[in-house]
Amino acid sequence: MTNSSFDSGLDLRRKMFGKEGADDHHANASDMMEPIQDIVTRICFGEIWQRPALDLKTRSLITLAMLVATGRTHEVKIHTRGAVANGATREELKELFLHAFPYCGIPLMVDGMVACEATLNELGVK
């Protein structure tokens, strides 16, 4: 893992989540959280998200599906922003959550959909 992994990861985080989800996370990280911000930037966004076999929109949809399945509604809100930045539509996101129903169960699907819809409304996505 090189500095280029960090740089490309930070650039992707900026494109997906804006300054708040990239630069501010690093600048405001405590001593305890700083290493995880580095790992997320370098490995998650600088290495995994940069692999060529899946486009960013597909990766966003997969990520949201996994977050719904594990009940991570805080992260659903964050990754909804990224999915929109990567080209996902409200209709595609709605279908993702409906598809989660038979595989994840109603409570997880509803929690995820509520978090996603709140973020879409905040972003003004129709």
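**Secondary structure.** I counted the elements of the protein chain in this predicted model and found seven helices and zero strands. Reading along the sequence, I wrote the pattern down as α-α-α-α-α-α-α.

**Confidence.** I looked up the pLDDT next. The mean for the protein chain is 95, and 98% of the residues reach 70 or more. I then went through the elements. Helix H4, residues 56-69, has the highest mean pLDDT, at 98. The lowest mean belongs to helix H2, residues 23-27, at 88. I noted a general caution: predicted coordinates should not be read in detail where pLDDT is low.

**Size.** I asked what radius of gyration a compact globule with 126 residues would have. The value is near 14 Å, and the protein chain has 15 Å, so the two agree. I also took the box filled by the C-alpha atoms, which is roughly 40 × 30 × 25 Å along the principal axes.

**Burial and surface.** How much of the protein chain counts as buried? I got 32% of the 126 residues, with buried meaning under 20% relative accessible area. The accessible surface comes to about 7,400 Å². Carbon and sulfur atoms hold 58% of that surface.

**Contacts.** I looked at contacts in the protein chain with a separation of 6 or more. Residues 24 or more positions apart account for 65% of them.

**Charges.** I listed the charged side chains last. The protein chain has 14 positive and 17 negative ones. I checked where the centres of the two sets lie, and they are 3 Å apart.

Notes:
Residues are numbered from 1 along each chain as its sequence is written. This is a predicted model: local features need pLDDT of at least 70, side-chain atom pairs count only at pLDDT 80 or more; totals for chains, interfaces and linings use all residues. Side-chain values use heavy atoms; hydrogens and water are left out. Helices (H or I, at least four residues) and strands (E, at least two) are DSSP runs, numbered from the N terminus. The radius of gyration is taken over C-alpha atoms; the globule rule is 2.2 Å times the number of residues to the power 0.38. Buried means under 20% relative accessible area, exposed over 50%, partly exposed in between (1.4 Å probe, protein chains only). Contact means heavy atoms within 4.5 Å. Accessible areas come from the Shrake-Rupley method with a 1.4 Å probe; for residues, only the protein chains shown count as cover. Lys and Arg count as positive and Asp and Glu as negative; His and the chain ends are not counted. The place of a charge is taken as NZ of Lys, CZ of Arg, CG of Asp or CD of Glu. pLDDT is the predictor's confidence in each residue, from 0 to 100.
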